[in-house]
Amino acid sequence: MKPHRRKKLGIIIFIAAGLGTAIGLSLFALSNNIDLFFTPTQVAAGEVTPGQRIRVGGMVKEGSVEHDQDILEVSFITTDYNHDVRVHYAGILPDLFREGQGIVAEGSMSPDGTFIASRVLAKHDENYMSVEVKAALDAAGNTTGMPPGAMR
Amino acid sequence: MFEFQFSSLSEFLQMGGVYTFHIWAVYLLFAVFISYNLLQPRMVRRHFLLEQKRRAARDEELSSKTKTQN
Amino acid sequence: MWLWFAKLGSPRWFYELSDKWLPWLYVSMLILMSVGLFWALLIVPEDYQQGQTIRIMYIHVPVASISLACFPLMAVAGTITLVWKMKLADMVAQSVAPIGAWFTGLALATGAIWGDQIWGTWWAWDARLTSLLIQFFLFIGVIALRSAIDSPDAAAKACAVLAIVGAINVPIIKYSVEWWNTLHQPASNFSIDPVAPNPPEVWVPLLVMISAVYVFFAIALILRTRNEILQRERRSQWVIDLVTREKNV
């Protein structure tokens, strides 16, 4: 490589690295404003101020879903298997919502420690398989390599 | 592993019934995307060739005219 | 090696070589695409959670993953343009931008349709979704930048710099699902075991579709680059000869 080309390449790499760091840092700062979710453990640790609009994500605890038929309200516990948060929600649930499923709820904490959701989204996990494979896995009791969300 | 999942054409077009629209919308968008990106460059090429042929013809006409004038 | 590199940089050489490649690429795309679509639409079994909607994955994942390959390609072409001033590299960089915009747009659109069903929302300001949207705007930005600058040389340099800088977004998109708590699930781990999550019956057709879309990407890129070569070299003798030779337009 000719010296002036090498110099040019050096300058470009330097500029790219500099700008890249700047963009990376600003994106990192921005990431606080991107809709990320808090885990129930973070909620329990007091990282969330009541009334602040946030998202909480976790698994729907088995046997915790209570439907109120009259006012279409649903209440359930979302858990990360360390801590629980009770969620109240009035509205339409996504089809994938079921016990043991990962969800992300959007809303705010009320002062009594329950979460008032204005929207509930289902979080899908990265495991795809047919009904037959799932049944065979369940029969064998083999759930190795599966995250908690895939276990039902 | 190699079994057909649908027993009839209408069952296939239904895609389970609930999300027929979602699934077929994705495949339709994909078809549009493929055809546009294969056809658009052909149109551009065609346009370019016609344009260049026209220009060549015009240049030839122009040069033959100047020849007769002289 | 340097001779080969210089030869590869010759637009005419690339044009004539790609004449020979294109039929093969078309044939392999036709085969891969037919097998892949047939498999994805008819053979893949229903997912235990998503049912038939799993078929959306066979479009969304190939398109999204190749959209991530477009930007690094543009950045490499930009670097070659800046350092070695290779003409062909800038033509490739210019051609890949609209294709990348299409791929990213389609990844966002198919993701929105899928999310509407699975998540219960078509859009969220999630790290994965937001960073992919940024990539879409970066492609639009590169296209706009080129048309905004009159001097072709200056435009090529500016676009190359933007492509190199913008490439930093690619690892952010890729790893966003691991770095942050996102609504979008992490990448799947394929399993060779037929009785396991993500068994071969799920991912083999996906690989077929990914290769089909890769071949399609190569064709789309070559077609656009060839047009760019003709346009920029239109005053050179070989293009003039080519135009006269071309009878059926």
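This passage describes chain C, the interface between chain A and chain C, and one residue, Thr121(C), in a predicted model.

Chain C is a good place to start. Its secondary structure consists of 9 helices and 0 strands, so the order of elements from the N terminus reads simply α-α-α-α-α-α-α-α-α. The C-alpha trace of chain C extends about 60 × 35 × 35 Å along its principal axes. Chain C has 249 residues, and 59% of them count as buried. Among the contacts in chain C with a separation of 6 or more, 75% come from residues 24 or more positions apart. The accessible surface of this chain amounts to about 10400 Å², with 69% belonging to carbon and sulfur atoms.

Attention then turns to the partner chain. Together, chain A and chain C bury about 4000 Å² between them, and carbon and sulfur atoms carry 63% of that area. On the chain A side, His124(A), Glu126(A) and Tyr128(A) lose the most area to chain C, together making up 18% of what that side buries. The contact draws on 43 residues from chain A and 47 residues from chain C. Between the two chains, 12 residue pairs are in polar contact, counting pairs with both residues at pLDDT 80 or more, while 0 salt bridges are found across the interface.

Three elements of chain A give two or more residues to the side that touches chain C: helix 1 (3-30), strand 6 (115-123) and helix 3 (131-140). Helix 1 of chain A gives the most, with 9 residues. Sorted by class, this side of chain A has 24 nonpolar, 8 polar and 11 charged residues.

A closer look at Thr121(C) links the chain to its interface. This residue sits in the loop of chain C between helix 4 (87-118) and helix 5 (127-148). Thr121(C) counts as buried because its relative accessibility is 4%, and the cut-off for buried is under 20%. Leaving aside residues up to four places away in sequence, Thr121(C) touches Gly115(C), Asp116(C) and Leu183(C) in its own chain, and Arg119(A) and Leu121(A) in chain A. With Arg119(A) there is also a polar contact, made from side chain to side chain at 3.1 Å. Thr121(C) is thus a loop residue of chain C that has contacts with residues of both chain A and chain C.

Terms used: Residues numbered from 1 in each chain as written. Chains lettered and ligands numbered in written order. Predicted model: local features only at pLDDT ≥ 70, side-chain atom pairs only at ≥ 80, totals over all residues. Heavy atoms only, no water. Helix = DSSP H or I, 4+ residues; strand = E, 2+ residues; numbered from the N terminus. Buried < 20%, exposed > 50% of the residue type's maximum accessible area, 1.4 Å probe, protein only. Polar contact = N/O pair within 3.5 Å; in protein donor to acceptor, adjacent residues only side chain to side chain. Contact = heavy atoms within 4.5 Å. Buried area = accessible area lost by both parts, 1.4 Å probe. Salt bridge = Lys/Arg side-chain N within 4 Å of Asp/Glu carboxyl O. Nonpolar A, V, L, I, M, F, W, Y, C, P; charged D, E, K, R; others polar. Areas by Shrake-Rupley, 256 points an atom, 1.4 Å probe, with all protein chains shown as cover.
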